Amino acid sequence: MNILGLDTLVFGVDDIAACARHLQDYGLSTVMLDERGGQFEALDGTSIIIRLADDPSLPGAIGPAPSLRETVYGVTDRATLEGIATNLATDRAVYRHDDGSVHSTDDMGFAIAFQLSVRRPFVAPADLTNAPGTAPQRGLNQLGISPDMPALPRSLSHVVYFVPDCVKAEAFYIQRLGFVTTDRFTGVGPFMRPAGSDDHHCLFMIQTPPQMKGCEHFTFHMGSGTEVMLAGTRFAARGWTSFWGPGRHLYGSNWFWYFNSPLGCHIEYDADMDKHDENWTAREASLSADASQLFLFTAQPKWAPGGGPH
């Protein structure tokens, strides 16, 4: 199945103003916003939608507000959309919206939807590196960084679920939707990518008690580790508190920086994720600090040496 990855995550929230400011400060552009909700998008058109938790158009909640209410995947073509609808309708309810999107639930009760992808081409500057031993990427007198350089979310990257049965959840995404497991933490859960994407993962699942079921975090791809650091620094300066990071994961190789969020989960910046195809062999390791990140920094306010010569 030609599922490309995440198009949209839909949240039911209890404070539209706080969530809107959070997503705007994170760097997403406002598509629409009123007292009942809003939509905020990255450079490629992937987005976050917020609505009041009692909005009747939302799928049923799996926990108290605020919470993730639906995960929307983008597909390449209508044949894929019809194939998914036919497959899922064999053993569960499937609903169609007027826009042609297909809506159902996975085996853990998470609301999932599929649509012709909204992803669009865009142009953004590359992070060019000068390193001894290889040809310079930046020309003479071309600066690598400036205080006002852009650092905007480029594409919705991945979502992480807390689930009560990772084995059953993984089997559903493999057998019914054609996902591939790229790596795994033993007894914890799999990193998974859809067949139409070469990103290391767009879905990670963590085994937890049933009462914890929900969303742990989501993230957008940034242009580089530099952009993660810069966007995170700006985000923190606007008053949002760091939860974990900045650092760099081992599985996926992506840079990361997580923040607390009024959306009922954590929000992350990531960059420079590994790419895989059918020749990749999934790794497996016990979850530990060493397996979770290759290195981790502790963020603190800016500092400069002072006090004169020593």
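How many cavities of 30 Å³ or more does the structure hold? In this predicted model, the structure holds 1 such cavity. The space within the largest cavity amounts to about 60 Å³. Its lining is made up of Gly60, Ile62, Leu68, Arg69, Glu70, Thr71, Gly109, Phe110, Ala111 and Tyr161. By residue class, this lining divides into 5 nonpolar, 3 polar and 2 charged residues. Strand S5, which spans residues 67-75, gives the most to the lining, with 4 residues.

Strand S5 also belongs to an open sheet of 8 strands, arranged in the order S2-S3-S4-S1-S5-S8-S7-S6 with mixed pairing. The edges of this sheet are taken by strand S2 (29-34) and strand S6 (95-96); each has a single partner strand, so one side of each is left without a neighbour in the sheet. Within the sheet, strand S7 (residues 102-105) pairs with strand S8 (residues 111-116) over 4 bridges in the antiparallel sense. In this pair, Val102 stands opposite Phe114 of S8. Helix H1 (residues 16-26) lies across strand S1 (3-13), S2, strand S3 (37-41) and strand S4 (47-52). The direction of H1 makes about 170 degrees with that of S4.

A further open sheet contains 10 strands in the order S17-S10-S11-S12-S9-S13-S16-S15-S14-S18, and its pairing is also mixed. Strand S17 (283-285) and strand S18 (293-296) stand at the edges of this sheet, and because each has a single partner strand, one side of each lacks a neighbour in the sheet. From one strand to the next, the twist averages 25 degrees. The partner of the edge strand S18 is strand S14 (residues 242-249), and the two pair in the antiparallel sense over 3 bridges. Here Gly247 has Leu296 of S18 as its bridge partner.

Strand S9 (residues 155-163) lies between S12 and S13 in the strand order. On one side, S9 runs parallel to strand S12 (residues 203-207), to which 5 bridges join it. Phe162 and Ile206 of S12 are bridge partners. On the other side, S9 is antiparallel to strand S13 (residues 214-221), and 7 bridges join the two. Leu156 stands opposite Phe220 of S13. In S9, 9 of the 9 residues are buried, so the strand is largely enclosed by the rest of the structure.

Helices also contact the 10-stranded sheet. Helix H3 (residues 166-175) lies across S9, strand S10 (180-185), strand S11 (189-193) and S12, running at about 160 degrees to S12. Helix H4 (residues 225-237) packs on the sheet as well, where it touches S14, strand S15 (255-259) and strand S16 (266-271). The directions of H4 and S15 make an angle of about 15 degrees.

The loop between S13 and H4 contains Met222. Met222 has a relative accessible area of 5%, which is under 20%, and therefore counts as buried. Leaving aside residues up to four places away in sequence, Met222 touches Ala151, Leu152, Pro153, Arg154, Glu227, Val228, Ala231, Tyr269, Asp270 and Ala271. One of these residues, Arg154, is 68 residues from Met222 along the chain, yet the C-alpha atoms of the two are separated by 5.6 Å. Among the other contacts, Glu227, Val228 and Ala231 fall within the range of H4, residues 225-237, while Tyr269, Asp270 and Ala271 fall within that of S16, residues 266-271.

Conventions. Residues numbered from 1 in each chain as written. Predicted model: local features only at pLDDT ≥ 70, side-chain atom pairs only at ≥ 80, totals over all residues. Heavy atoms only, no water. 1 Å grid on protein atoms, 1.4 Å probe; cavity = no way out; pocket = protein on both sides within 12 Å on 5 of 7 lines; lining within 4 Å. Points joined across faces, edges and corners; volume = space filled by probe spheres on them. Nonpolar A, V, L, I, M, F, W, Y, C, P; charged D, E, K, R; others polar. Pairing = 2+ DSSP bridges. Contact = heavy atoms within 4.5 Å. Axes fitted to C-alpha atoms, helices over the stretch in contact; angles between N-to-C directions. Buried < 20%, exposed > 50% of the residue type's maximum accessible area, 1.4 Å probe, protein only.
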